[in-house]
Amino acid sequence: MKTIYLMRHGKSTWEYAVSDRDRPLKERGIQDAHIVGETLSKLQLPIDAAFSSPANRALHTAMIALKELDFPLHKFQISNDLYDFSGESVLQFIKELNNDLNSVFIFGHNHAFTEIANSLGNQFIDNVPTAGFVQLSFEVEHWKAITTGKTEKTLVPKYIKK
C-alpha cells in the first residue's frame, strides 16, 4: 500500500517585488499551516519521507507543518520537480519515488495538487485551497503502478480554525 499526503502552500503575498519562487507567506498562511499541522499531528500519520517545492511559500509551509508533526528533517528533501503548476512533473516525481517509501508528504502548488487529487483520487475536489491537505492511498507495491486510488482525507483550514 502506498500513501500520498499533499499539502498546498499557505496563503502567500504579492506585496513584494520578488520572483514567484521567492514570494513569502502572509500571516494567514503561517497561521493556517500551523492549524493544519496541529490537526494532522493528532492523527499520527505514518510518514516515511517529506518533499517540498523550492518555492519560499511551499518550503515555509513545509517547515511549519513538519515541525508540528515532530517530523525528523533528515527525512526531508527539496525537489525542483515539485515547482509545478500542471501536475505533470508532480505525477512523474511520485511515480519515480523509491519503493521502500510507503507514505510520503509532498508540499507544493495548485493547479497541480487539485489535478493530482482529482486524477488519482476517487472524490472530486473543486479546488485544493491554500494550506489544504489531501490524503490519497493506493493498493499497489510500486509507485510507478499507481492509477486511481482512494481519497482518504481532506482538510481545509477555514473548517478547522479555532
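Lysine 2 of the chain stands opposite phenylalanine 138 in strand β5. The model in which this pairing appears is a predicted one. Further along, methionine 7 has phenylalanine 133 of β5 as its bridge partner. Both pairs belong to the contact between strand β1 (residues 2–8) and strand β5 (residues 133–138), which pair in the antiparallel sense over 6 bridges.

Strand β1 also pairs with strand β4 (residues 103–108), here in the parallel sense and over 6 bridges. In this pairing, arginine 8 stands opposite glycine 108 of β4. The two pairings of β1 are set side by side below.

| Partner of β1 | Residues of partner | Sense | Bridges |
|---|---|---|---|
| β5 | 133–138 | antiparallel | 6 bridges |
| β4 | 103–108 | parallel | 6 bridges |

How many of the residues of β1 are buried? The count is 7 of 7, so the strand is mostly covered, where buried means under 20% relative accessible area. In a regular strand, side chains alternate between the two faces of the sheet. In β1, one side carries Lys2, Ile4, Leu6 and Arg8, while the other carries Thr3, Tyr5 and Met7. Residues on both of these sides are buried, and both faces of the strand are covered.

**The sheet**

Strand β1 is part of an open sheet of 6 strands, in the order β3-β2-β4-β1-β5-β6, with mixed pairing. Which strands stand at the edges? They are β3 (76–78) and β6 (150–155); each has a single partner strand, so one side of each is left without a neighbour in the sheet. From one strand to the next, the twist averages 20°.

**Helices on the sheet**

Helix α1 lies across β1, β4, β5 and β6, and runs at about 130° to β6. Helix α2 packs on the sheet as well, touching β1, β2 (49–52), β3 and β4. The direction of α2 makes about 140° with that of β4.

Two packed helices are described by the angle between their axes and the distance between the axes. For α1 (residues 27–43) and α2 (residues 56–68), the axes come within 8 Å and cross at roughly 35°. This crossing is right-handed. On the α1 side the contact is made by Ile30, Ala33, His34, Gly37, Glu38 and Ser41, and on the α2 side by His60, Thr61, Ile64, Ala65 and Glu68. These contact residues divide into 4 nonpolar, 5 polar and 2 charged.

Helix α4 (residues 112–120) has Ala112, Phe113, Thr114, Ile116, Ala117 and Leu120 as its buried residues. What do the buried residues of α4 pack against? Their neighbours are β1, α3 (88–95), β4, β5 and β6.

**The whole chain**

The chain contains 5 helices and 6 strands. Read from the N terminus, the elements follow the order β-α-β-α-β-α-β-α-β-β-α. The radius of gyration is 14 Å, close to the 15 Å that the globule rule gives for 162 residues, so the chain is as compact as a globular protein of that length. The C-alpha trace spans about 45 × 35 × 30 Å along its principal axes.

Of the 162 residues in the chain, 49% are buried. Among contacts with a separation of 6 or more, 74% are between residues 24 or more positions apart.

Notes:
Residues are numbered from 1 along each chain as its sequence is written. This is a predicted model: local features need pLDDT of at least 70, side-chain atom pairs count only at pLDDT 80 or more; totals for chains, interfaces and linings use all residues. Side-chain values use heavy atoms; hydrogens and water are left out. Buried means under 20% relative accessible area, exposed over 50%, partly exposed in between (1.4 Å probe, protein chains only). Helices (H or I, at least four residues) and strands (E, at least two) are DSSP runs, numbered from the N terminus. Two strands pair if DSSP finds at least two bridges between them. Axes are lines fitted to C-alpha atoms, for helices over the stretch in contact, and angles run from 0 to 180 degrees between N-to-C directions. A crossing is left-handed if the near helix is turned anticlockwise from the far one by less than a right angle, and right-handed if clockwise. Contact means heavy atoms within 4.5 Å. Ala, Val, Leu, Ile, Met, Phe, Trp, Tyr, Cys and Pro count as nonpolar, Asp, Glu, Lys and Arg as charged, and the others, Gly among them, as polar. The radius of gyration is taken over C-alpha atoms; the globule rule is 2.2 Å times the number of residues to the power 0.38.
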